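Biologist: I'm new to this structure and would like a close look at a single part of it. Could you pick one helix, walk me round it, and then follow its contacts outward?

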Amino acid sequence: MNYTELTAAICDYTQNFDQDFIDNIPVFVEQAEQRIYNTVQFPSLRKNVTGVTSGSNKYLTCPNDFLAVYSMAVIDATGSYEYLLNKDVNFIRQAYPQPTDTAIPKFYALFGPAVSGSSITNELTFILGPTPDAIYNIELHYYYYPESIATAASGQSWLGDNFDSVLLYGSLVEAYTFMKGETDMLALYDGKYNEALALAKRLGDGMERQDAYRSGQVRVAVT
């Protein structure tokens, strides 16, 4: 389902073709996507980037679209990966109190917003411990929101192509809330959304995280 088809379906299901309603459909869709993406961890929400540390600088800037960490690894001169352990900022401050405590990093923590001059920016930073003693390559595997189907130039998204039912019913819940519709219809849409969400969660948090060789085939008990 592309965005044009999704928009038409939302209007048809709600029987609402007012321009004010249509103008707000992107908001409904983006709110639904946010709810879905924070409930199911689809592989499409993962991204890998590489960066470099600076010698004697314990801070590392997060990507602009960063939301949360899956893993961080430092790559040494031989190309070997050493995965860093996630800790609190206070642990790193206590364990390595001096900026001159330098070595290959072993720990990282989400430090907080970056500061540019006297202004606090919206971009987050990591703090590393100990302070890097040289330039190292860093690989960050992280969680982000993919571009919304409502703003994508192609009018398509992974969710729309692969699991459009949860996107449609999630958008209908938001749309009917906007319309201040009847509670029984809102409950109906919410129920259909939760059914679709359960199937999406089975895929994203279940089937895509196992295989038949290691976990065995899914079986339903015979009674």
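Modeller: Here is a walk that starts at one helix and moves out to its neighbours, the sheet and a few odd spots in the backbone. Keep in mind that this is a predicted model.

Let's start with α7, residues 183–204. This helix has 22 residues, and from its first C-alpha to its last it reaches 30 Å, close to the 32 Å expected at 1.5 Å a residue. Now look at what is tucked away: Tyr189, Tyr193, Ala196, Leu197, Ala200, Leu203 and Gly204 are buried in α7. These buried residues sit on the same side of α7, because they cover an arc of only 110° around the axis. There's a simple rule behind patterns like that: an α-helix has 3.6 residues a turn, so residues three or four places apart point the same way. Turn to the face of α7 that points away from the buried side, and you meet the exposed residues Thr183 and Leu199.

What do the buried residues of α7 pack against? Their partners are α1, α3, α5 and α6. Let's take α3 next, which covers residues 25–37. The 13 residues of α3 should span 18 Å at 1.5 Å a residue, and the end C-alpha atoms are indeed 18 Å apart. Buried in α3 are Ile25, Phe28, Val29, Ala32, Glu33, Ile36 and Tyr37. They too can be placed on one side of their helix, the same side of α3, because their arc around the axis is only 155°. The buried residues of α3 have a long list of partners: α1, α2, β10, α5, α6 and α7.

For one spot where several of these pieces come together, zoom in on serine 171, which is found in helix α6. Serine 171 counts as buried because its relative accessibility is 0%. Leaving out residues up to four places away in sequence, serine 171 touches Leu6, Ile10, Phe28, Val29 and Ala32. Phe28, Val29 and Ala32 are among the buried residues of α3 that we just met.

The mention of β10 gives us a way into the sheet. Four strands form an open sheet in the order β1-β10-β3-β4, with antiparallel pairing. The edges belong to β1 (46–52) and β4 (81–83), each of which pairs on one side only. On average, and ignoring direction, neighbouring strands here are turned by 25° against each other.

Go across it strand by strand. Between β1 and β10 (residues 137–143) there are seven bridges, and the two run antiparallel; asparagine 48 has histidine 141 of β10 as its bridge partner. Strand β3 (residues 68–75) is also joined to β10 by seven bridges, again antiparallel. Here methionine 72 stands opposite leucine 140 in β10. Then three bridges tie β3 to β4, which run antiparallel as well, and alanine 73 faces tyrosine 83 in β4. The hairpin of β3 and β4 has five residues between the strands, and in it glycine 79 takes a positive phi near 90°.

That brings us to the backbone. As background, most residues other than glycine have a negative phi, and most peptide bonds are trans. Lysine 180 has a positive phi of about 55° although it is not a glycine. You'll find lysine 180 in the loop between α6 (164–179) and α7, right where our walk began. Is lysine 180 buried or exposed? Lysine 180 is exposed, because its relative accessible area is 73%.

Glutamine 15 makes a nice companion: its phi is positive too, about 55°, and it is not a glycine either. Glutamine 15 sits in the loop between α1 (3–14) and α2 (19–23), and it counts as exposed because its relative accessibility is 60%. The other oddity is a cis peptide bond that joins glycine 129 and proline 130, with omega about -5°. Proline 130 belongs to the loop between β8 (119–129) and β9 (131–132).

One last thing to check is the cysteines. How many disulfides does the structure hold? It holds zero. Cysteine 11 is buried, with a relative accessible area of 5%, and cysteine 62 counts as buried at 4% relative accessibility.

Methods
Residues are numbered from 1 along each chain as its sequence is written. This is a predicted model: local features need pLDDT of at least 70, side-chain atom pairs count only at pLDDT 80 or more; totals for chains, interfaces and linings use all residues. Side-chain values use heavy atoms; hydrogens and water are left out. Buried means under 20% relative accessible area, exposed over 50%, partly exposed in between (1.4 Å probe, protein chains only). A disulfide is a pair of cysteine sulfur atoms within 2.5 Å. Two strands pair if DSSP finds at least two bridges between them. Axes are lines fitted to C-alpha atoms, for helices over the stretch in contact, and angles run from 0 to 180 degrees between N-to-C directions. The expected span of a helix is 1.5 Å times one less than its number of residues. The arc is that of the directions from the helix axis to the C-beta atoms. Contact means heavy atoms within 4.5 Å.
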